[in-house]
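Subject: Structure handover

Hi there,

Here is the structure I promised to pass on to you. Please open it alongside this email, and my notes follow underneath.

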Amino acid sequence: MNNKLLLLLRNSTFKKFFLAVCFLFITSSALAAHFRAGFISWRVDDNDPSGRTIIFKVSQSYGGWALNSVNNSQVGQNVGVWDYLNFGDGARANVNLVMTAYNPAEGYWFGEAIIKHTYASARNFTSSFGSCCRISNLKNNADTYWYNSSVVNVGSGNNSPVATLPAVINIQQGFSAATFQLPASDPDGDILTYRLASPGEAGSNNSNPPGLSINSSTGVVSYNTISKNIGDLYSAAFVVSDGNTSVLMDVILKIVQQSNAPDFDYTYTPSNGSVYQVAPGQNVNFNIRGYDNDANSTVTLQGIGIPQGAIVNPAMPFSGPSGSNTVPVIANFSWTPQNNALGTNVISFIEQDQFGVQTSTSVTIQVSLAPVFDVPPTPASGAHNIVVSPGTLIEYTTQSSDPDPTDVVQIVAVKGKDMMGMHIPLYDGASFSSLPTIAANPTSGTFSWTPNPNQWGHKHVFFTAEDSYGDQTVHEVSQLVNTPPAFTSSPLLTADVGVLYSYTVQVIDPDLAYGDELTIFGNSIPTWLTITDNGNGTATLSGTPTVADVGNASINIQAEDKHHHQDPRGKINQIFDITVNNCFVNAFAKDATIQLDASGNASITSSDINNNSAASCGIASVTLSKTNFNCTNVGVNVVILTVTDNNNNFKTANANVNVVDNINPVITGENTNITMNFDAGSGSPAAYTEAGITFLSLYGNSSHVHLGDNDNDGSNDIRNHANCCSTPYRLTVGSGTEFTLKSMNV
């Protein structure tokens with residue numbers, strides 16, 4: 001080592017500085033490879049009358065070797081300082097994280113730090129944290145800086161929105177609009193809006209991946225995962241705003257294979273988006289029950305944003321087998337917040353199958369001394385647990401109370417909600433028993449409404465309660481008027497190898513006339529099939545199976561309306577099996593009659609015998625066992641037709657080929673002069689007339705021949721007049737006799 005460096009290291013001040021630099025370098029390197037997610041929220045400390053003391057909650061997630069740096073899954077352990085929070089006024093504090101979630105399946109842990117800071121003046125300050133670098137295997141923003149900030153409205157009394165997401169959100173491959181919900185809540189009851197982070201907002205040279213979007217009013221995120229590869233990782237950042245400030249949600253999106261997603265059983269689980277409003281000392285207790293309808297599934301339950309001091313039994317994450325809602329995985333949540341737990345907590349519960357496919361649900365717990373709405377009998381806030389079809393009565397009791405038993409409270413306003421999230425007069429036909437309600441503790445009233453078909457959609461109601469000190473609480477009841485879609489078509493249940501299969505899927509939804517939308521897709525289909533959504537309530541399922549596809553193919557076609565996230569009835573499935581039959585070959589033959597020609601020969605081709613034979617996998621060849629015939633085949637001959645397909649499957653059929661001989665033979669050498677000597681001892685010539693034609697008749701032995709012009713063409717004919725066609729005949733003609741031979745009939 002350099003002597004000067006040794007001398008410096010002996011100096012205690014420099015040694016501390018050197019070690020600090022080393023620590024920062026090592027820490028920066030750790031962050032560079034293992035940062036997964038992070039966000040900030042903050043609230044005003046009610047114990048400071050000036051309103052300048054702010055309580056921050058910093059949530060961060062790390063993975064890689066950082067996963068092994070903690071004591072396995074002991075939620076609640078202190079995992080040390082991993083970053084700094086800059087308050088925006090020149091001061092900063094260590095982010096000393098307490099682990100709130102552990103997810104070995106996705107390779108990360110989550111932690112949060114509660115940090116209090118008092119500002120010297122009342123104005124806006126930008127709180128932030130950030131470092132380098134993001135993980136290297138991201139498809140976007142790899143190895144870049146991350147940065148997260150939130151503007152603190154010091155002295156305004158405003159509190160930031162609160163949102164929670166898992167560090168890694170798994171999204172199925174192959175969808176033009178794969179979706180998930182960004183759960184968020186505002187402690188002040190402000191209307192929240194959502195957007196994608198702008199380029200550079202989540203760190204220099206950072207941008208969201210193409211195809212990503214978020215609904216500005218609902219927080220539903222949509223991502224086009226067509227052509228994405230399983231296992232791909234993408235950096236994504238979203239911004240949630242209350243109009244005065246915002247929080248930035250920085251997470252990772254992971255592409256996973258398609259599978260039927262697990263489900264939460266909402267007969268036991270609080271409805272998605274449920275809000276519990278409690279005072280310190282009040283216990284919150286509920287069950288989380290999940291399942292997967294796929295046989296032999298494994299379901300893992302995980303919680304993100306679980307407040308410190310809460311008890312989840314069994315501790316998350318934990319896994320269990322599931323194949324239906326009768327074989328669920330169940331956890332119990334229990335928390336009794338103390339006085340130091342004032343504020344809003346958004347908890348996300350994630351259910352994941354063995355393929356990485358996730359389903360999430362959220363619960364918000366608000367701890368406050370302001371009036372509360374008692375749930376029950378009041379419907380939970382943020383939960384779409386009031387979902388009805390048009391014409392169905394909605395009626396429930398709304399009750400409010402105050403944590404201070406000596407105080408009184410009234411429900412002072414009931415309003416509707418427009419598409420922009422603003423308060424509007426109550427809907428036509430809706431009523432509340434009386435306003436304001438009696439000043440009491442508790443106080444209550446009855447809401448009643450039967451919506452019409454043209455009142456389809458989200459019809460939320462805001463209830464405002466006020467205590468004697470003027471403190472108000474706004475409670476939003478989410479109501480959805482929706483008609484579930486229905487399949488009206490029946491599938492074709494068989495397919496043949498090599499033959500196009502086509503099924504037109506038909507779905508109806510009466511709400512389409514009022515703005516609803518339908519999406520039809522294949523939730524689970526074999527690779528030989530494709531499904532095309534025609535955009536008009538129909539879809540086409542088609543494809544041609546091969547020999548490798550023979551057997552049963554399980555099909556799951558899913559149709560969703562616009563509000564299926566809030567109305568489980570809006571997601572319907574048509575599940576069936578298609579039996580794929582192997583290649584078939586049908587050989588059909590037809591009989592034929594053929595005529596021998598003058599030379600005694602005849603032939604046939606396959607087209608003469610083939611009678612519309614068919615093969616589902618295509619005909620490779622059609623052959624005959626015999627194609628050529630002669631005099632020896634006169635009569636009926638059995639010919640075998642063989643049809644072979646492109647996979648060498650074959651069938652045969654027999655045909656009767658009748659060979660006939662109706663044409664006399666012709667002796668070539670017509671009009672040839674032949675000189676023959678007549679033996680007088682064998683017979684004598686004589687004139688002979690037959691049918692008016694004169695012949696020279698030569699008699700010999702027991703037969704005779706005729707010599708004459710039989711066909712009047714000027715040439716002599718000679719024919720055997722005896723019945724001796726099959727025996728050669730010898731004719732001897734006497735000396736000096738000469739004639740021309742044209743033809744002989746035999």
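Below is what I found, taking two sheets and then two individual residues in turn.

Before you start, please keep in mind that this is a predicted model.

**The sheet with strands 38, 44, 43 and 40**

Four strands make up this open sheet, in the order 38-44-43-40, and their pairing is mixed. Its edges are strand 38 (494-496) and strand 40 (518-524); each has a single partner strand, so one side of each has no neighbour in the sheet. From one strand to the next, the twist averages 30 degrees. Strand 40 runs antiparallel to strand 43 (residues 551-561), and six bridges join the two. If you want a spot to zoom in on, try Phe-521, which stands opposite Gln-558 in strand 43.

**The sheet with strands 46, 52, 51 and 49**

This one is also an open sheet of four strands with mixed pairing, and the order here is 46-52-51-49. Strand 46 (592-595) and strand 49 (619-624) are at the edges with a single partner strand each, so each has one side left without a neighbour in the sheet. The twist averages 30 degrees from one strand to the next. Within the sheet, strand 51 (residues 635-645) and strand 52 (residues 650-660) pair in the antiparallel sense, over ten bridges. As an example, Ile-640 has Asn-654 of strand 52 as its bridge partner.

**Glu-476**

Which strand holds Glu-476? You will find this residue in strand 35 (residues 472-477). Glu-476 has a relative accessible area of 19%, and it counts as buried because that value is under the 20% cut-off. Its side chain makes a polar contact of 2.8 Å with the side chain of Lys-417. Leaving aside residues up to four places away in sequence, Glu-476 touches Ala-380, Ser-381, Gly-382, Lys-417, His-460, Val-461 and Phe-462.

**Ala-237**

Ala-237 belongs to strand 15 (residues 233-241). Is Ala-237 buried or exposed? With a relative accessible area of 5%, Ala-237 is buried. Ala-202 is 35 residues apart from Ala-237 along the chain, and 6.7 Å separates their C-alpha atoms. Ala-202 is also one of the residues that Ala-237 touches, and the others are Leu-196, Ala-197, Asn-208, Leu-248, Met-249 and Asp-250, again not counting residues up to four places away in sequence.

Happy to talk any of this through whenever it suits you.

Best wishes

Key:
Residues numbered from 1 in each chain as written. Predicted model: local features only at pLDDT ≥ 70, side-chain atom pairs only at ≥ 80, totals over all residues. Heavy atoms only, no water. Buried < 20%, exposed > 50% of the residue type's maximum accessible area, 1.4 Å probe, protein only. Polar contact = N/O pair within 3.5 Å; in protein donor to acceptor, adjacent residues only side chain to side chain. Contact = heavy atoms within 4.5 Å. Pairing = 2+ DSSP bridges. Axes fitted to C-alpha atoms, helices over the stretch in contact; angles between N-to-C directions.
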